[in-house]
Structures are given as C-alpha cells and as structure tokens.
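Colleague: May I put some questions to you about this model and how its two chains meet?

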Number of protein chains: 2
Amino acid sequence: MTTQRIAIIGGTGDQGKGLALRWAKAGYEIVIGSRAADRAQAAAIEMRAQLGADANITGAANADAAADAGIVVLTVPFAAQTPTLKEIKDRLQPQTVLVDVTVPLEPAVGGKPTRVLGVWAGSAAEQCAELAPAGVQVVSAFHNVGADALADLTHEVACDVFVCGDDKEAKARVRPLVEAIPGCRFIDGGVLANSRTVEALTALLIGVNIRYKAHTGIRITGI
Amino acid sequence: MTTQRIAIIGGTGDQGKGLALRWAKAGYEIVIGSRAADRAQAAAIEMRAQLGADANITGAANADAAADAGIVVLTVPFAAQTPTLKEIKDRLQPQTVLVDVTVPLEPAVGGKPTRVLGVWAGSAAEQCAELAPAGVQVVSAFHNVGADALADLTHEVACDVFVCGDDKEAKARVRPLVEAIPGCRFIDGGVLANSRTVEALTALLIGVNIRYKAHTGIRITGI
C-alpha cells in the first residue's frame, strides 16, 4: 500500500482504465488524464462507484494530471502519442518517471491491427524519450497486459510485464506498480530500445487472440 | 511415432543437435547435415551412443541430407543462412517444408548477442523464403526453444513454439514436430512476416537469460 500519486494520461481508454482500477484497488492515488477534464472526471466517478468510497481516483485535463505526479503513465493510441506529449511535457516535474505503454499498431482496414509501424526512433518508447524533457526518465511497460484482463477485478492477470529502460532506478520505481496487479510479474527487459520487440510482441499476441479467440498473456519460464 | 525423414541442416550446432535428439527419441528418422559429411556422421554416432541403438540418426553433407527429406530444418547462424541455402536449394524436393530456425542476431563484441540485425526482407525467415525454390514452403519455428533445454533429455522443455508461415498445410506438418518435444506447445504465429517479432523475441530472451542467469522459455497464457 502506498499513497504515491500516479497520473494516467489517456486514462479514459480501456488500457488506462484497467490500470487505474488495479492501482487504485492496491491503494495508489490515481489521477485520470484526458484531453477534456470533464471526460476524465466522469471516468473517475465511474471507477469510484465500482471500487467503493475508499478509492482515491480523480480526473483532470492531461496537462494538469501530469503536473503533480511522480509517475506519469502514457496510455494513448500511437497517433496521439506526440500531440499528447506536446501537451504535457512542460508540466512534467524533473525526476518524474514517464511510463510509456504506447504500441505503434498499424491501423487495420477492418478487423484488429496485428502489425506494428516502423518508427524512426526505433520504437514508440524511444520516440517518447526523444520528446521528453531532460531529467524525465522514460520506461516502457504493460504493453502485453490485456485491457480485458485488467478490467476483470475478480481474476488475476496471468501476464509477465517486460519493463524496459535505460535507468535502473526508474525501472525499480515501476516494479511496485507491476507487483500491485495480482498475477503480474516484473521482468527486467533491459534497455529502452528493447521496447521495439515488446511493442511488436503486442501485435503478435493480438493476432494470436484473433486466431484462438482468446485473451492471451505471456509468461517467461525458467525464472 | 513416425518414420518421416527430417534433415537438420547445420545439425552439428547446439540447436540442431538438441532438436535431433528430441525428434530421434520420439521415433523420427533424422539426417544430420553439415558442410563436411564426416563431421555430420561423427555427430550422428555421438547421438546414437547417447540415445541407444534404436535411434535412427545418420549424417551427410548438407546437400545430400536435404535431398531426400520431407521436412528440412535450417539451424545455422544467420551469416551462414544464404550460403547454406545456395548449397541445398537445388536438391530440395517440391513439397518439402523448409523450417527456418535462423535468428539474425547481431554479432556482439564480447558477451552474447542481445539484438537483431535489420534484414531487408523483413526477417531471416522471409529471406529464406525469397531464396527457396518454387514449391518449397517456408515455415519458421523453434526460435525460442533453448539448446540447453533441448539437450537435457531428463526434463521437459517449458516453452511454447510460435510457428509462422503463409501456408496452413505446411504449418500443420510442423505441428507434430513441436508436439514430439515434451513440454513444447504449438502456437500458430500467423504469417511468415510475423517471424520478425519471434526472431527479435529470441534476442530479448537472451538478454533476460544474461540478466537473470537463467535459461528462459516462453508460455502464452489464456489458450
């Protein structure tokens, strides 16, 4: 249990909502960010209704949500990553850990995306790091954790979480967030550039979900 | 049990040897291929000594090994992939399934490789398909199964196997080879181009192995 404040930017989407529910349930203070403050506040009210009065979830416009959080989690579609970072970057505190969950999925014409776009920086996470202000450490994580699994609070989330980043301390600060979600396990994924593979793995797993009509996750065996 | 003949090209390497041991133990007829026939024969003798007289393993030069096998498995370092394919391609039968296990690991200066090279075709498997003669179906598989785990016949191999390919029938012909290895599970990885991700995942797992001093594998949860 902790009262550390976490901002979830794009937190009205499925992935952001799912993470918010799990972390609020574990005792974290959550600020949902959205482009429109009222949409963020509505999502926060909905989640408080689901979790009970103890849940510490509020909502704010993205930049306000980001301004006062030790950990800022970015859960937006890839196309929104750059505009969102532009919106929040001047409000991020130095020493903030910015957790990028973005996957550069290639938009599909009909059906779900099962491929990733090429990103010049190498990955969405590296692009995020290029845009982040000095002093902010970027870590990528939670790509492979399904929104459906997060939302179903009656079940554990059977998924290991690759955490990639160039700063060991920043990865260590993300570890409790992984371990706050029952069933999730922290896996040190190495440097931020390894996000290239973890992001692509998300698209591969979406394809597996389609072929097997399943909600899959991933486990690393042998550790 | 089956007597279908499998050629393992580059079969004197760790990955090739491990697959040969597992499949021979399951009753398959195995031909080890190597650039030098005598080296292949020596490896075959060694494996027969380990498995017992029932084991059906012989050795031959790569091209001869490939010439008469329904399934040809390519387990060579990436730098050897093209020269090896040049060596065997005219000897492959139409209807052969060519199983590419190649990972385009970036050579490391000191230590083990933990990154993949960019391959113009997209992946080693797609490069293999470009070089394969018409009628031969290329499937990629067994990238993430560790050589150490394969070699240890006293234990199951705790690893799911992504099988990628553009031909469903060819993937179906590889399924029994996955299931012949205790602990391995067939996962339809989709089209051959998805090998890009599975190959990169191998490098990611090598990095995890280094950081955790472990021999890791992968499991897909939820199916």
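The exchange below takes up the interface, the symmetry and selected elements.

Colleague: Before we start, what conventions apply to this model?
Modeller: This is a predicted model, in which local features need pLDDT of at least 70 and side-chain atom pairs count only at pLDDT 80 or more, while totals for chains, interfaces and linings use all residues. Residues are numbered from 1 along each chain as its sequence is written, and chains are lettered from A and ligands numbered from 1 in the order in which they are written.

Colleague: Which helix of chain A supplies the largest share of the side that touches chain B?
Modeller: Two residues are in contact if their C-beta atoms, placed from the backbone, lie within 7 Å, and 27 residues of chain A are in contact with 27 residues of chain B. Strand 8 (184-190), helix 8 (195-212) and strand 9 (217-221) of chain A each supply at least two residues of that side; helices (H or I, at least four residues) and strands (E, at least two) are DSSP runs, numbered from the N terminus. With nine residues, the largest share comes from helix 8 of chain A.

Colleague: In what sense do strand 9 of chain A and strand 9 of chain B pair?
Modeller: Two strands pair if DSSP finds at least two bridges between them. Here there are five bridges between strand 9 of chain A and strand 9 (residues 217-221) of chain B, and Ile220(A) has Ile218(B) as its bridge partner. The sense of the pairing is antiparallel.

Colleague: As by what kind of axis are the two copies related?
Modeller: The copies are superposed by least squares on the C-alpha atoms of residues with pLDDT of at least 70 in both. A turn of 180 degrees and a shift of 0.0 Å along the axis lay chain A on chain B with an RMSD of 0.0 Å. The copies are therefore related as by a two-fold rotation axis.

Colleague: Which residue of chain A comes closest to the rotation axis?
Modeller: The copies meet through the same surface, because 100% of the interface residues of chain A are also interface residues in chain B. Of the residues of chain A, the one whose C-alpha comes closest to the axis, at 2.5 Å, is Arg219(A).

Colleague: How many residues of helix 1 of chain A are buried?
Modeller: A residue is buried if 20 or more other C-beta atoms lie within 10 Å of its own, exposed if 12 or fewer, and partly exposed in between, with C-beta atoms placed from the backbone. Among the buried residues of helix 1 of chain A are Lys17(A), Arg22(A) and Trp23(A). The helix is mostly covered, and the count is 10 of its 12 residues.

Colleague: Are the residues of strand 7 of chain A buried or exposed?
Modeller: Strand 7 of chain A pairs with strand 6 (residues 137-140) of chain A in the antiparallel sense over two bridges, and with strand 8 of chain A in the parallel sense over six. Cys159(A), Val161(A), Val163(A) and Gly165(A) point one way from strand 7, and Asp160(A), Phe162(A) and Cys164(A) the other way. Strand 7 (residues 159-165) is largely enclosed by the rest of the structure, because seven of its seven residues are buried.

Colleague: Where is Ala7(B) placed?
Modeller: Ala7(B) counts as buried because it has 30 C-beta neighbours inside 10 Å. Leaving out residues up to four places away in sequence, Ala7(B) touches, among others, Val31(B), Gly33(B) and Val72(B). Its place is in strand 1 (residues 5-9) of chain B.

Colleague: Is Gln95(A) buried or exposed?
Modeller: Most residues other than glycine have a negative phi. Gln95(A) has a positive value, near 75 degrees, and its place is in the loop between helix 4 (78-88) and strand 5 (97-100) of chain A. Because Gln95(A) has 12 C-beta neighbours inside 10 Å, it counts as exposed.

Colleague: What is the phi of Lys213(B) near?
Modeller: Lys213(B) lies in the loop between helix 8 (195-212) and strand 9 of chain B. With 7 C-beta neighbours inside 10 Å, Lys213(B) counts as exposed. Its phi is positive, in a residue other than glycine, and is near 45 degrees.
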